Amino acid sequence: MSATEAHENAGKSLDLRKKSRYEASLRLSVAPMMDWTDSHCRVFHRLLAPHARLYSEMVHANAVIHGDRDRLLAMDPVEHPVALQLGGSEPELLAQAAKIGAEYGFDEINLNCGCPSDRVQAGRFGACLMREPALVAASVAAMVEACDVPVTVKCRLGVDDDHDYGTFSAFVDTIAQAGCRMFVVHARNAWLKGLSPKENREVPPLRYDWAYRLKRERPDLQIVVNGGIATQDEATQHLQHADGAMLGRAAYHDPYLLHRLDVAWFGGELRTRGELLRALRPYVEDQLARGPLQKGVSLKHITRHLLGLFAGERGGRAFRQVLSEGAHKPGANWSLIEQALALTESFADAQVDAA
Ligand SMILES: Cc1cc2nc3c(=O)[nH]c(=O)nc-3n(C[C@H](O)[C@H](O)[C@H](O)COP(=O)(O)O)c2cc1C
């Protein structure tokens, strides 16, 4: 075999490994969350859940095309498999943005058809696209044509007083025909009038049965259930009926849940919170070494995502407090995280002593 052939073969097997990692990650994913799932957050989640699929915050197609791409699409190589979520409703712009996202290395491009905020409605994208299946299909078709990674959709069950399963499944069918094989179903309606985005994640009732039925009736599609999944048992239940479970708030506020799920579903050793956090040290130190002028990274940009690591544990509150109070101070560095960890460990030691 010539050196060129060997090189090509190595490249192919790397691509295959990447593809199979991506495919396996369907079972467990962390939801796209604006202002939360930035690159620092995703690097932390990756350490906890080596097999999960991670999603970026939503970025509008226009911002990808005209904005500061290196900042908006910042991604660390350890994040794979990682999806870029786009907002928008103009097929040509979405296609351009999808192409750029794939070139930046994202493994999937996801279109937001579920966000109900006023700003998003004014821009005629997000959840109001549930009423425009033809436009979504045209967008998906243009994105599929423009990039060589899977194009997926995250949607609701409907908007406002749509309560017809047939309308929901017809929406999915129209988009599927355009080339989308995977749907994340946030299993409730979006109410476009009178509810804030936060209320829209809590008030409209959850109807997982619609997502399950969709999977039963369309076994060729990949259906991931999202919305209100709070525990390991609940997440595991969903896997009986769908291809995957996507966690948002629970993953963010109690990230150790991600680790427990990853180990339970994919195997491996359960590691302690402290071990997992210490594995983040090289990343934190590398980010801080880049200097505030160059990158604007300070410790607080990273530690804000770590606050829930000891949620519900003794010392969890002290851990949170040390990080919240110290991370914004000039010169704050890894030693602050050690200080916070030491507090949780002293509680653990006290428990052992008392036993
Ligand atoms: C702070 C925050 C920001 C969010 N931003 C987005 C977003 O950018 N795109 C999106 O599709 N959904 C967004 N969502 C919705 C989540 O992806 C998810 O669908 C929702 O929180 C329900 O899942 P959960 O109950 O597991 O949190 C956001 C949710 C939160 C809490």
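**A parallel barrel and its partner domain**

A convenient place to enter this predicted model is a single pair of residues: Val-59 sits opposite Leu-86, a residue of β3. Around that pair, β2 and β3, the latter spanning residues 82-87, are joined in the parallel sense over five bridges. In general, the strands of a sheet pair through backbone hydrogen bonds, in either a parallel or an antiparallel way.

Stepping back, β2 and β3 belong to a closed barrel of eight strands, which runs β1-β2-β3-β4-β5-β6-β7-β8 with parallel pairing. On average, and with direction ignored, neighbouring strands of this sheet are turned by 25° against each other. Helix α7 packs on the sheet, where it touches β4 (108-113) and β5 (151-155). The direction of α7 makes about 150° with that of β5.

Helix α7 also has a helical partner. Two packed helices are described by the angle between their axes and by the distance between those axes. For α5 (residues 91-103) and α7 (residues 133-146), the axes come within 8 Å and cross at roughly 35°, and the crossing is right-handed. From α5, the residues that take part are Pro-91, Glu-92, Leu-94, Ala-95, Gln-96, Ala-98 and Lys-99; they meet Ala-138, Ser-139, Ala-142, Met-143, Glu-145 and Ala-146 of α7. By class, the residues of this contact comprise eight nonpolar, two polar and three charged.

The loops hold two backbone features worth a look. Most residues other than glycine have a negative phi, and most peptide bonds are trans. The bond from His-80 to Pro-81, however, is cis, with omega near -5°; Pro-81 is found in the loop between α4 (69-72) and β3. Arg-124, although not a glycine, has a positive phi of about 55°. This arginine, Arg-124, is placed in the loop between α6 (118-122) and α7.

Attention now turns to the ligand. A shell of 23 residues surrounds the ligand, and the closest are Ala-31, Met-33, Met-58, Gly-248 and Arg-249. Strand β2 (53-60) and helix α11 each supply at least two residues of this shell, so the reader meets β2 again here, after its pairing with β3. By class, ten residues of the shell are nonpolar, eight are polar and five are charged.At the level of the whole chain, the model divides into domain 1 (24-266) and domain 2 (273-354). The C-alpha centres of domain 1 and domain 2 lie 30 Å apart, and their contact takes twelve residues from domain 1 and twelve residues from domain 2. On the side of domain 1 that touches domain 2, the elements giving two or more residues are α2 (39-48), α11 (249-253) and α12 (256-266). Of these elements, α2 provides the largest share, with six residues. This side of domain 1 has eight nonpolar, three polar and one charged residues. Helix α11 thus appears both in the shell around the ligand and on the side of domain 1 that touches domain 2.

Terms used. Residues numbered from 1 in each chain as written. Predicted model: local features only at pLDDT ≥ 70, side-chain atom pairs only at ≥ 80, totals over all residues. Domains from an automatic or database assignment. Contact = placed C-beta atoms within 7 Å. Helix = DSSP H or I, 4+ residues; strand = E, 2+ residues; numbered from the N terminus. Nonpolar A, V, L, I, M, F, W, Y, C, P; charged D, E, K, R; others polar. Axes fitted to C-alpha atoms, helices over the stretch in contact; angles between N-to-C directions. Left-handed = near helix turned anticlockwise from the far one by under 90°. Near = placed C-beta within 6 Å. Pairing = 2+ DSSP bridges.
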